[in-house]
Amino acid sequence: MAKFITRRLAHAVLVIIAATFLIYLGLFVLGDPFASSGEKTVPPEIQEALREKFGMNQPFFMQYLTYLQNMFTFDFGIDFEQRRDVGEMLAAAVPATARLAVIAILIEIVIGLTAGIVAAVSQYTFRDVFITIITTLGIGIPVFVIGIGLRAGLSGEWVFPAVPRSFTVETPWWQEIILPAFTLAILDAAFIARLMRGSMLEVLRADYVRTARAKGLSERKVIGKHAFRNSVIPVVTYTGVSLGVLLGGALITETIFEYQGLGFLLVRAIQQHNNPVIVPIVVFAVLTFVVLSTLVDILYAYLDPRIRLH
Amino acid sequence: MTTPPQSGHEPDTHVPAEVLMTAFESPDPDADAVPSGQNKAKASGQLRDIWRRYKRNKLAVVGLVVVVFLMFLAILQPWITPYDPMEQNLLNTENPPSADHWFGTDSLGRDMFSAIIYGVRLAMIVGWSVMFLSLVVGLALGAIAGYRGGAIDSLIMRVTDIVLAFPALIGAILVVQIFGNGVWQVIIALAILSWPTAARLMRGSTLSLRESEYVEAARSIGASDTRIVTKHILPNAIAPTLIYSFSHIGVAVVAMASLAFLGIGIPADKPEWGRMIADAVPSLNVEGQAHMWVFPSLAIVVTTLAFAFVADGLRDSIDPKLR
């Protein structure tokens, strides 16, 4: 197991180094981040200051090292648009995105697992067919269609705050989060329900489940204890990876609901060609994604020892 | 509430295969009628088998009809659209559907029906191009990696690892940010992000076939590597990759629309569903203007579901083992 973990971690570190290098190459070398573009003009002295700050007047390899060092010391430079410290902007956005991601994941686990188990236990009945149809729609309908639909139908009604926000109305965080969290959760809940149904059906056919039934265990125990524990493993994997994606910022959902997280920040930065904001967010997204995928792999090997043999 | 005894399902799995085969095939009169014309269609016997299995999945047939319909719309677009999709009429903006404008007009008075039909053409171009590019690159690199092994295999696999380290949408945004906006840039960005999965699938099936006896036999009578890969391995290994690439068409269409929704990728002078929805955002809660987001959303949903159903049907019919 220790060998597996070391190999997996080394692999993750290599991938992160290569990915940050590509991001650097793409955004700093192939396109000049500080040049004026479109209707946007960046004053030459600020261009100069930023070049100096990021070491853009140094040799290529030194530039790359400085860039890495800046990332490690959380020194991200100055936002072109609002002239604010990018580090501060990120410090405000990261908790909001993390909160949204965690709540969305909780919702999708509850809905997805329940639907998947119900569908598997009552295979080929009306309930199963109904759940299958709903999950097919949930997977087939793009996130932004769901989000726009929810916003058009629900925002401003009942407890849901109106979008776009007005400056005079203060809304508690849980009200703000409820619609985006459901928007994010629907797609993944549908996926989890499908995964759970599939693996549950497979496990229910196994000999040890028949043995459990034969020795007279209640159906509740057979499903809840014996079948559930072994069929939930693929769901654990999927949820981990999806958390890794969500932590990097939910671009579309946050934009639709004007939720002030990393995704909202990134989309606005891209529209403004605001490279000092784009770079750390993309690096952060890749980092969380790779780290969580690695953790999931290790967890998977722990839960299912057969995996370690590869 | 009482739960029915679950063990009641058990015997179903022990039905002999022959019984299952006849049970599935006999209700289909067309399938039984086929052997009379066997000589003529012998060369395409496998295709006929695939089609016979495909027909059983009614949803897949519906999906295929919709896909064919969309292709027709895409090809015939210049003759179908009643208006120029970019023609503005500032005296007639944001009007609900009427006899003149079936899907209403947008915020600049442009005809939504024409714009959506134009969007079909764009979606088909992007979807099929992404599929074709990622399929060709994925098959080639996957086959090389799987068949050659060694250093070139490690190299290709590490490259796929790095590409897959980017969350899909962020990766696409990054590539578009580097190459600039445009239809081809979007196609290339989406293809760059989807070939690694295709290559991995192809590598996996190549690896399992490389040591098989019939490949060994081909090698022993002196077939060249190129011949073995293209004539012996490719036809037998292509199914999973092909199915993945096909199911990716819908994903590519959604990705294109998502990018356009965020104002990235497809330029503003091309009517595009995601951008149309984004244009509708300011008037989302205005009474009587729901047409501005409902029709483009429906277009996206119908397209993605149709391709998803066809991909499902293909998976079950091309290679029943994959299910």
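Read along the sequence, chain A runs α-α-α-α-α-α-α-α-α-α-α-α-α. That is 13 helices and 0 strands. Helices (H or I, at least four residues) and strands (E, at least two) are DSSP runs, numbered from the N terminus. The model is predicted: local features need pLDDT of at least 70, side-chain atom pairs count only at pLDDT 80 or more, and totals for chains, interfaces and linings use all residues. Residues are numbered from 1 along each chain as its sequence is written, while chains are lettered from A and ligands numbered from 1 in the order in which they are written.

**Chains and confidence**

Chain B reads α-α-α-α-α-α-α-α-α-α-α-α, with 12 helices and 0 strands. Of the 310 residues of chain A, 41% count as buried. Of the 323 residues of chain B, 41% count as buried. A residue is buried if 20 or more other C-beta atoms lie within 10 Å of its own, exposed if 12 or fewer, and partly exposed in between; C-beta atoms are placed from the backbone.

Two residues are in contact if their C-beta atoms, placed from the backbone, lie within 7 Å. Take the contacts in chain A with a separation of 6 or more: residues 24 or more positions apart account for 73% of them. For chain B, the corresponding value is 69%.

The predictor gives the complex an ipTM of 0.81 and a pTM of 0.81. Chain B averages a pLDDT (the predictor's confidence in each residue, from 0 to 100) of 79, and 82% of the residues score at least 70. Over residues 1–41 of chain B the pLDDT is below 50; beyond near neighbours in sequence, this stretch has 10 contacts in the model.

**The core**

A nonpolar core is a set of buried Ala, Val, Leu, Ile, Met, Phe, Trp, Tyr and Cys residues joined through C-beta atoms within 7 Å. The largest one has 173 residues. Those with the most contacts inside it include Val282(A), Val286(A), Ala172(B) and Leu259(B). Helix 5 (residues 112–148) of chain B gives the most to this core, with 19 residues. Leaving aside neighbours within four places in sequence, Leu259(B) touches Ala172(B), Ile173(B), Val176(B), Val186(B), Ile264(B), Gly265(B) and Gly274(B).

**The contact between the chains**

Chain B puts 34 residues into the contact, and chain A puts in 34 residues. On the side of chain B that touches chain A, the elements giving two or more residues are helix 6 (150–164), helix 7 (168–179), helix 10 and helix 12 of chain B. Helix 12 of chain B supplies the largest share of that side, 7 residues. The side divides into 22 nonpolar, 11 polar and 1 charged. Here Ala, Val, Leu, Ile, Met, Phe, Trp, Tyr, Cys and Pro count as nonpolar, Asp, Glu, Lys and Arg as charged, and the others, Gly among them, as polar.

**Two covered helices of chain A**

Helix 6 (residues 143–154) of chain A has 12 residues. Its end C-alpha atoms are 16 Å apart, which agrees with the expected 16 Å at 1.5 Å a residue. The expected span is 1.5 Å times one less than the number of residues. Of the 12 residues, 9 are buried, so helix 6 of chain A is largely enclosed by the rest of the structure. Among the buried ones are Phe144(A), Ile146(A), Leu150(A) and Arg151(A). They pack against helix 7 (173–204) and helix 11 (251–256) of chain A, together with helix 10 (225–261), helix 11 (273–280) and helix 12 (291–318) of chain B.

Helix 12 of chain A is mostly covered, with 8 of its 10 residues buried. The buried set includes Leu262(A), Phe264(A), Val267(A) and Ile270(A). Their cover includes helix 4, helix 11 and helix 13 (275–303) of chain A, together with helix 7 of chain B.

**Positive phi and a helix 4 residue**

| Residue | Phi | Place |
|---|---|---|
| Tyr124(A) | about 70° | loop between helix 4 and helix 5 (126–140) of chain A |
| Glu258(A) | near 50° | loop between helix 11 and helix 12 (262–271) of chain A |
| His273(A) | near 50° | follows helix 12 of chain A |

Tyr124(A) counts as exposed, with 10 C-beta neighbours inside 10 Å. Glu258(A) has 15 such neighbours and counts as partly exposed.

Ala98(A) is found in helix 4 (residues 86–121) of chain A. With 16 other C-beta atoms within 10 Å, Ala98(A) is partly exposed. The C-alpha atoms of Ala98(A) and Gly248(A) are separated by 8.6 Å, although the two residues lie 150 residues apart along the chain.
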